[in-house]
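Thanks for asking me to look this one over. My notes are set out point by point, for reading alongside the structure.

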Amino acid sequence: DYMTFHDTPISQLPFNSFFPEPELHGLIPIMNNDDMFYWLFPSRNDPDKDPLVIWLSGGPGCSSSLAIFHENGPLSLKDGEAVTDEISWNNRANLVYVDQPIGTGFSGGTLEDMPKFEKEVARQFEIFLLGFYAKYPHFKGRELYITGESYAGHYIPFISARIIDSQDSIAAGINLAGVAIGNGWVAPASQVLGYAPFSYQNKLINVVGETVLQTGFRFCRILMENNIPYFNLLVCNYLTQAVLGNPVSPRFNVYDIRRKCDVPPLCYDFSDMETYLNREDVQAALGVGGRKWESCNMEVHTAMLMDWGTNAAPNVAKLIAAGKKVMVYNGDKDYICNWVGGEVWVKEMDWEHKEEFNSVEYVDIGYGHAMTLKNFALISVSDAWHLVTMDQH
């Protein structure tokens, strides 16, 4: 597992034949006996030239492997076996899914080493990246994009800011070109102001309910801005839950208000993945025998409870100022990280072109709407994933 491939092009690496898609995987040591599991799928186009794209799922504590089989990855499950999915992000990029923070998915981590705040997340992820680039040196200097969803709206800005500041990362040839955050939990004190108007716009509450709820969320915002941990989480979650109803049986799917919440709390049935990834032959093929895979790890989730209200927006502004491309995109039917809250935090973020950006009108891009300026884009898309190509300007 700890072999390095100094002179081997990505296209010639020893791919595993157990799965229907060429892949590489491994465990990168982090600290003590902790490690991070990665799953690398080379580009179907040109693995020796195409960029490297990292995907991070949220939670905190949810495995990035969820996206491999159920979101943007090259595999899906049919009758209990992995099959190739023709629609995948690795059609044009070398795609890496990382189970992080430690303790998530197949990554090993003791409770005392699990990060509590984003600076620890960033520090541990840099260790992972340094190990990954040492193992696959053909990625050195190549464009790197860090992408993810939901709570990765916390991870991505802090990880990216550390990379561009770190001499170790620069010396290792880590060339961060940009980031993409989908329905991200980035700046909570701003985003909580989106729940009431979003709920009213989508007829989840009436106009009186919107007024009452927004009053409560303004108080919630004050608690977060004054950094009152746990109490802010308690109050804000109570208000969020007021629209959902019974937490055991919510009124709707928090990620798609048009659907029912079939399997709380994530609302989707991932039992096929749990069965598949805990099979002895699959774990042997992945080199993780004896580890238990679960979609989300509650120990990791609990360890990061005090991080919930952290504001990651200043680091997004830092990336823009450093000339990195930033795309913030939202589906318009997600309640829990809704697009209204996403618009609030983007418009409140302090950066060089704030006033100019906020004065730009939305433009219909065919499947949704976008505001773009310089190397920053805010996109709202309905119903489906679509590739948006953004020029530097």
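The points below take up the disulfides, the nonpolar cores and the cavity, in that order.

1. A word on the source before anything else: this is a predicted model. Please read each value below as computed from that model.

2. Let's begin with the cysteines. How many disulfides does the structure hold? There are three, and with the bonded cysteines counted along the chain they follow the pattern 1-6, 2-3, 4-5.

3. The 1-6 pattern member is worth a look on your screen. Cys62 and Cys296 form a disulfide with their sulfur atoms 2.0 Å apart. Cys62 sits in the loop between β3 (52–56) and α1 (65–70), while Cys296 sits in the loop between α10 (280–286) and α11 (298–303), so this pair ties together parts that are 234 residues apart in sequence. The torsion about the S-S bond is about 100 degrees, so the link is right-handed. Both Cys62 and Cys296 are buried.

4. Next comes the pair Cys220 and Cys236, which form a disulfide with sulfur atoms 1.9 Å apart. Here the two partners lie in helices: Cys220 in α7 (residues 207–225) and Cys236 in α8 (residues 231–244), so the bond ties together parts that are 16 residues apart in sequence. This link is right-handed, with 105 degrees about the S-S bond. Cys220 is buried at a relative accessible area of 0%, and Cys236 is buried at 1%.

5. The remaining pair is Cys261 and Cys267, a disulfide with sulfur atoms 2.2 Å apart. Is this link right-handed or left-handed? With -95 degrees about the S-S bond, the link of Cys261 and Cys267 is left-handed. Cys261 has a relative accessible area of 12% and is buried, because the cut-off for that word is under 20%. Cys267 counts as buried too, at 1% relative accessibility.

6. If you are keeping a list of cysteines, please add Cys337. Cys337 is in no disulfide, and the nearest cysteine sulfur, that of Cys62, is 12 Å away. At 5% relative accessibility, Cys337 counts as buried.

7. Now to the nonpolar packing. The largest nonpolar core has 89 residues, and those with the most contacts inside it are Leu56, Phe128 and Phe132. Which helix gives the largest share of this core? That is α2 (residues 118–135), with seven residues. For a close-up, try Phe128: leaving aside neighbours within four places in sequence, Phe128 is in contact with Ile28, Ile30, Met36, Tyr38 and Val98.

8. There is also a second, separate core of 35 residues, which includes Phe41, Cys62, Ala82 and Trp293. You will recognise Cys62 from the disulfide with Cys296.

9. Last, the empty space. A search of the whole structure finds one cavity of 30 Å³ or more, and the volume of the largest cavity is about 30 Å³. Asn330, Trp339, Glu343, Tyr362, Leu378, Ile379 and Ser380 line this cavity. Two elements, α13 (339–348) and β12 (376–381), give two or more residues each to the lining. The largest share, three residues, comes from β12. By type, the lining residues divide into four nonpolar, two polar and one charged.

Key. Residues are numbered from 1 along each chain as its sequence is written. This is a predicted model: local features need pLDDT of at least 70, side-chain atom pairs count only at pLDDT 80 or more; totals for chains, interfaces and linings use all residues. Side-chain values use heavy atoms; hydrogens and water are left out. On a 1 Å grid over the protein atoms alone, a cavity is a set of points where a 1.4 Å probe fits but cannot get out, and a pocket is an open set with protein on both sides within 12 Å along at least five of seven lines; lining residues have an atom within 4 Å of a point. Grid points are joined across faces, edges and corners, and a volume is the space filled by probe spheres set on the points. Helices (H or I, at least four residues) and strands (E, at least two) are DSSP runs, numbered from the N terminus. Ala, Val, Leu, Ile, Met, Phe, Trp, Tyr, Cys and Pro count as nonpolar, Asp, Glu, Lys and Arg as charged, and the others, Gly among them, as polar. A disulfide is a pair of cysteine sulfur atoms within 2.5 Å. Buried means under 20% relative accessible area, exposed over 50%, partly exposed in between (1.4 Å probe, protein chains only). A nonpolar core is a set of buried Ala, Val, Leu, Ile, Met, Phe, Trp, Tyr and Cys residues joined through side-chain atoms within 4.5 Å. Contact means heavy atoms within 4.5 Å.
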